[in-house]
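Q: I have a model open and would like to learn how to read its features one at a time. Could we work through them together?

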2 protein chains.
Amino acid sequence: MIKVVAKNCVLEGRLDDAIALYKELIEKTTKEKGCIKYELFQDINDPRILTMIEEWENKEALNAHEVSEHFIRIFPLLKEITEKDSDFRIYERLL
Amino acid sequence: MIKVVAKNCVLEGRLDDAIALYKELIEKTTKEKGCIKYELFQDINDPRILTMIEEWENKEALNAHEVSEHFIRIFPLLKEITEKDSDFRIYERLL
């Protein structure tokens, strides 16, 4: 199993637009093979920080996700309304 | 339920020390009331990045954790062997 944490800060005034895009992305992605969890979280101290926490069966499933029609279409739209300093990390469980 | 993501970068050559500290912290913390998950992940592209991903029943349980004997003792030891730019965030699930 691999875990992904993808943190973004949404531009001022674009939170509703970002949530709508995430909603569609989540609906489509959770149907993908190898997707165990694909959930969106909001920072309780800074509502513009939206972070996807994901679980995938393996790296191959994540790779397939990143070339899916919905990811290729929606990801650039999210990039347009989020700050440049996003943080995307792929993890394996250690303890 | 609240989610915590606490990302740290361990100083060069101190990974084993950090893992030993996390191990004790995890053993003690998972016995706390209100702790649902308390797991350590390692960045597959940068082994010095260690991130705790936690689930707590509520904010009160997390507050109690932060004044526990083991947290107060172990957290400063971890701080000594990690970079200054840690990232600690508390989240609620949005989607």
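Q: In what order do the elements of chain A run from the N terminus on?

A: This is a predicted model, and that should be kept in mind throughout. Read from the N terminus on, chain A follows the order β-α-β-β-α-α-β, which comes to 3 helices and 4 strands.

Q: How does the radius of gyration of chain A stand against the globule rule?

A: The idea is to set the value for the chain beside the value that the rule gives for its length. For the 95 residues of chain A the rule gives 12 Å, and the radius of gyration is 13 Å, close to that value, so chain A is as compact as a globular protein of that length. Taken along the principal axes, the C-alpha atoms of chain A fill a box of roughly 35 × 35 × 20 Å, and buried residues make up 24% of the chain. Among contacts in chain A between residues at least 6 apart in sequence, 73% join residues at least 24 apart.

Q: What rotation and what shift superpose chain A on chain B?

A: One looks at the angle, at the shift along the axis and at the fit that results. Here a rotation of 180° with 0.0 Å of shift along its axis brings chain A onto chain B with an RMSD of 0.0 Å, and the two copies are thus related as by a two-fold rotation axis. The same surface serves both copies, since 100% of the contact residues of chain A recur in chain B. Of the residues of chain A, A:Val5 comes closest to the rotation axis, with its C-alpha at 4.4 Å.

Q: At what angle do helices α1 and α3 of chain B pack?

A: Helix α1 (residues 15–29) of chain B and helix α3 (residues 69–80) of chain B pack at about 160°, with their axes 10 Å apart. Angles over 145 degrees count as roughly antiparallel, and α1(B) and α3(B) are therefore roughly antiparallel to each other. Their crossing is left-handed, and the residues that make the contact include B:Leu21 and B:Leu25 of α1(B) and B:Ile74 and B:Leu77 of α3(B).

Q: Where in chain A is A:Thr30 placed, and is A:Thr30 buried or exposed, or something between?

A: A:Thr30 lies in the loop between α1 (15–29) and β2 (35–43) of chain A. With 13 other C-beta atoms within 10 Å, A:Thr30 is partly exposed, because a residue counts as exposed at 12 or fewer and as buried at 20 or more. Leaving aside its neighbours within four places in sequence, A:Thr30 is in contact with A:Cys35 and A:Tyr38.

Terms used. Residues numbered from 1 in each chain as written. Chains lettered and ligands numbered in written order. Predicted model: local features only at pLDDT ≥ 70, side-chain atom pairs only at ≥ 80, totals over all residues. Least-squares fit on C-alpha atoms with pLDDT ≥ 70 in both. Contact = placed C-beta atoms within 7 Å. Helix = DSSP H or I, 4+ residues; strand = E, 2+ residues; numbered from the N terminus. Rg over C-alpha atoms; globule rule 2.2 N^0.38 Å. Axes fitted to C-alpha atoms, helices over the stretch in contact; angles between N-to-C directions. Parallel < 35°, antiparallel > 145°, perpendicular 65-115°, else oblique. Left-handed = near helix turned anticlockwise from the far one by under 90°.
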